[in-house]
Amino acid sequence: MNFSRREFAVGCSTAIAALAGGRLGGLVFANPADTTPRDILVIVFLRGGCDSLNFVAPTSDQHYADARPDLRVKDGDPNTDTSSGWQMGNPLAQIDFRFHNKAKPLLELYQSGDLAVVHACGLTNGTRSHFDAMDYIERGTPTNKNTSTGWLTRHLVSIGADNGSATGLPAVAAASNVPTALLGSFEAASMARPTDFKLNSHWKYGSDQREALRKFYSGDTALHGAGLRTLDTIDQLQSRPAPDPDVTYPPEARANGLKDSLRTIAHLIKMDMGLQVATVDYGGWDTHEGQTYVFPNQIESLAYTLQTFYNYLSAYHSRLTVVVMSEFGRRLKENESGGTDHGHGGVMLVLGGGVKGGRMYGNWPGLAQASLDNGVDLAVTTDYRTVLSEILMRRLRNPKLGQVFPGTSTYTPLNLVEGTDQTPDFTAGFGGKVFVPLVTR
Amino acid sequence: MPVSRRRFLKASGAVSAATATVTLAQTQGALAADPAFTAQQIAELAPAAAPDLPQIAIVALNRMGYGPRPGDIATFNALGSTPSARLTAYVNQQLSPVDSQDSTCNTKLQNVKLRISYTKNGSPFTEDRTLTSLNKTLAQLWALRSDPAYEERVRPVYEVRLATWLRAVYSKWQLREVMVEFWHNHFNVNAFADQKISATWPLYDKLMRQHWGGNFRTLLEGVAQSIAMQFYLDNASNKTGGPNENYARELFELHTLGSENYFNALYDNWRDVPGATAGQPIGYIDEDVYEAARAFTGWTIADGSWNGSANFPNTGQFTLYANWHDRFQKRVLATELQHDQTPLQDGQKVLNLLAYHPGTARHLCTKLCQRLVADVPPQALIDRAVQAWTANQTKPDQIKQTLKVILLSPEFAESWGQKVKRPFELFAAFLRATQVDFPPGGLFVDDNLSGTVERTGYRLFSWPTPIGHPDTATPWLSSNVMLLRWNILNDMLGRNFWRIPDANPAPFNLRGQIPVSATTSRQIVDFWVNRLLGRTLASNLMSELYDFMSQGSGPDVPPIGDTADLTDRINYLVTLICMTPDFQWR
């Protein structure tokens, strides 16, 4: 379902819970003039605050067992006991970390070396508000939620792919609004399917309108140029055949919105439209109550959909990076309603051919009370921007970290993806909120 | 030799890539500093291919309003014998709106209904309700917050939205509507950011309507004390000991001086800001923001919350709460604020310093010229506007006096194609030019109109950040927005867009508006082109339209097809004309 602005404004957890589907956020396409090979980046945002401790679980930690009598992943045999998880190799701090029982496809990706896991990471700002946390993360400025551009927009602008003049289809969102990460993008568009990008017209007069528009927009103002590029994009998308065979999801992948969004992205990649950046929202993670009924389904859908999507794109692995993240993790101690409340440290998954997978990354702070954030939540030991900066640098070949994440002054990669480091440029550039784009004529 | 803007930007290293988001002032500064270009070249900076200048009526009706309704051009032209006499008369009229003369709009506002549906006491509840919240008192609106239905709590925003559309489409006082939109964007608040804001939204709208042409200093204080701004930028919880600088920051950066007057990167001591030691710093630095935040401690809204010793009354009234006020001395813009002033004295002092600052005059006048004339407005015009703004800064009609200078300038009359209609303007212009019964049958089943337009990025009263909608063309010209500019016009032709049952008449009866004397394809096209654009197009483009209309039967005979087919074709002819660049400029 669409995550409308109205629901955002409600600010209550039911709105987030209602987001059980998932949606395509935004897609951004390459500037064909840009020949530097960059990865296609797909961000899957788990809206609502995913319980990282029940997803990638420190099963052998006694504090964990104590705080979670019911809502924890156990260390038994996952083949016979559905409350036990899949043991991961190369864990942090010699702890028996395990994927949730329903996340077996992720174990397979992990073992094949394509999936890396960063734990105890997230936002350095301590907010427990969904909206503030998402805002800070997506704007890429943890101290300022009034920044008028999203981090992905600034990435695109800084590599010259978001200048209002891209040929091909710039950016897309399945819902009515583009996500905050693409806020301020000139090129962010929305679509449920690639074929949606067309002139809606009368069956008999649509092609006449389109042909006439081509004549009307033959001129050399910015407006004329925009019209012609749009017509070209329509033609390109309409003329390319849909990929065959189509992706086939297994029955465990039940979240239709997530499936459809990832299918659209996969199609656009295979149609060779020069996709650069795509974001997908998958909601339903605000599990304040009845977590045992909701969470396993969520995880199962995520794991199977992601694996199917990834395998479908096997020919593109060398230039595909998928990041799964959420606005925060959840409270260590489960609550009285069979759920967990808003917490802090979370987990990020990084998937792709250039990922040094099969390993966990980060610093495990432990779950003893003294180590917890505010005494109650998993601490954040890795800033989410550290992970994204490394991907920007090594996979997206963009060293302008200061533009993408204004205020950062260090580059400390975890070494979780392959690639070359350039000299980081911490110049803040246009990170501010003044929005007076230039008119090119 | 005139240099194209694109070449300028390419050549100017200071503006890396024509893609960067930079301020106008930064751009100008960068260009001026670039030895590759002379002052004369900068002065000659002009669009490479501006469309031809249309008659003054088209310029005025599109830039001081949301485009002509049928008959507007003739009415305008009857105002005087020369273009300048007509413009002068029209500007004078528009600067003195008389509500009682706006009967069509008033009737619409009174009678239009907007459906509300929700579950009430366990059963479905639906009502086709008039816009009852627009004139409610603070007490009545404040009470809405405790309504159990979310739909009732946010209803006022939806009502103001529809009233805004109706006024744009029907009000005779178009300049006022354009200026109300301007001020809403200048003092942007996301109406959905907090339900205290949603419930009382008509009051914030009224503030803009009351002061659209009035005094800036008065408007600034009205905004500072409004429920909407107090909660949107958190000043309601700004108290000594832990001041919240959110409001103060935007007050400097957006509402008054603008970021072009922010010198923090250059100066780390207030004395270093040029002019500071003489008490007239040319700009501000972070310390000014921090100190101003302290000055506004204790400016809050009585919302029933705990204030440290008791609960505030739960009235929604603006309140000065001395216990939260930082009593010590402050320094803002190189001016000392004495210790132990009241919260009102401190806050008003800051507002005075900002409202009367020359940097504010320039920031505001640049934005006004950008709204009314061109994305990159001529410097000479800005200079004259600044003079009027400053000379009238304590007058009750300061803004109108400034508008008069801008609107009666040669730069206003002689520029065209330097602005592209934003989506709201485009669709309002379409509804005006086509004379559609808006909303069809007098009922909005829902606010699909605003909801659909939101997909273009134009979010009426819900732009998420304090800066408001961009007022230059580029963000509104991405392929996605271009496609929506076209598609929404076609979509509006259908019943589905307006949620009208299939049995009802179609929302648009465009064929019925063609005079009986227009029978051939050429005559039909000529009629619509003139109606929608107020002028004709190049002959090759007219031929395209004749071909569209005649479908191969030749322009000088009646178009082929039965009535249903002709109805469709004329509808899509009209949307096609509105899709052309000529309808999209302003």
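These exercises, each with a worked solution, concern the predicted model above.

Residues are numbered from 1 along each chain as its sequence is written, and chains are lettered from A and ligands numbered from 1 in the order in which they are written. Local features need pLDDT of at least 70, side-chain atom pairs count only at pLDDT 80 or more, and totals for chains, interfaces and linings use all residues; side-chain values use heavy atoms, with hydrogens and water left out.

**Exercise 1. Place A:Thr305 and list the residues that it touches, leaving out those up to four places away in sequence.**

Step 1. Find the element. A:Thr305 lies in helix 11 of chain A, residues 291–312. Helices (H or I, at least four residues) and strands (E, at least two) are DSSP runs, numbered from the N terminus.

Step 2. Check the exposure. A:Thr305 has a relative accessible area of 0%, so this residue is buried. Buried means under 20% relative accessible area, exposed over 50%, and partly exposed in between (1.4 Å probe, protein chains only).

Step 3. List the contacts (heavy atoms within 4.5 Å). The partners are A:Tyr249, A:Ala253, A:Leu258, A:Lys259 and A:Leu262.

**Exercise 2. Describe strand 7 of chain A: how many of its residues are buried, and in which sense does it pair with strand 2 of chain A?**

Step 1. Count the buried residues. In strand 7 of chain A, residues 275–282, 8 of 8 are buried.

Step 2. Find the sense. Strand 2 of chain A (residues 40–46) runs parallel to strand 7 of chain A, over 6 bridges. Two strands pair if DSSP finds at least two bridges between them.

Step 3. Pick one bridge. A:Leu46 has A:Tyr282 of strand 7 as its bridge partner.

**Exercise 3. Explain why A:Cys50 has no bond to the closest cysteine sulfur.**

Step 1. Recall the chemistry. A disulfide is a covalent bond between the sulfur atoms of two cysteines. The cut-off here is a pair of cysteine sulfur atoms within 2.5 Å.

Step 2. Search the whole structure. The search gives 0 disulfides over all chains.

Step 3. Look at the distance. The closest cysteine sulfur to that of A:Cys50 belongs to A:Cys121, and at 11 Å it is too far for a bond. From the other side, A:Cys121 is in no disulfide, and its nearest cysteine sulfur is that of A:Cys50, 11 Å away.

Step 4. Check the surroundings. A:Cys50 is buried at 3% relative accessibility. A:Cys121 is buried, with a relative accessible area of 3%.

**Exercise 4. Examine the backbone at A:Pro245, B:Pro439, A:Arg397 and B:Leu333.**

Step 1. Start from the usual case. Most residues other than glycine have a negative phi, and most peptide bonds are trans.

Step 2. Take the prolines. The bond from A:Asp244 to A:Pro245 is cis, with omega near 0°. A:Pro245 is in the loop between helix 9 (222–239) and helix 10 (256–270) of chain A. In chain B, a cis peptide bond joins B:Phe438 and B:Pro439, with omega about -10°. B:Pro439 is in the loop between helix 22 (423–433) and strand 7 (443–444) of chain B.

Step 3. Take the positive phi values. A:Arg397 has phi near 55°. A:Arg397 sits in the loop between helix 12 (384–394) and helix 13 (401–404) of chain A, and is partly exposed at 36% relative accessible area. B:Leu333 has phi of about 50°. B:Leu333 sits in the loop between strand 5 (330–332) and strand 6 (335–337) of chain B, and is buried at 2% relative accessible area.

**Exercise 5. Why is helix 12 of chain A described as largely enclosed?**

Count the buried residues. They are 11 of 11, so helix 12 of chain A is largely enclosed by the rest of the structure. Among them are A:Tyr384, A:Glu390 and A:Arg394.

**Exercise 6. Classify the ring pair of B:Tyr247 and B:Phe296, then find charges over rings.**

Step 1. Set the rule. Rings of Phe, Tyr and Trp (its six-membered ring) pair if their centres lie within 6.5 Å; planes under 30 degrees apart are stacked, over 60 edge-to-face, and the rest tilted. The count is 37 aromatic pairs over all chains.

Step 2. Apply the rule. B:Tyr247 and B:Phe296 are 5.3 Å apart, centre to centre, with 85° between the planes, and the pair is edge-to-face. These residues are 49 apart in sequence and link distant parts of the chain. Both B:Tyr247 and B:Phe296 are buried.

Step 3. Look for charges (NZ of Lys or CZ of Arg within 6 Å of the ring centre and within 35 degrees of the ring normal). The charged end of A:Arg359 sits over the ring of A:Tyr361, 4.5 Å from its centre. B:Arg63 lies over the face of B:Phe412, 4.7 Å from the ring centre.
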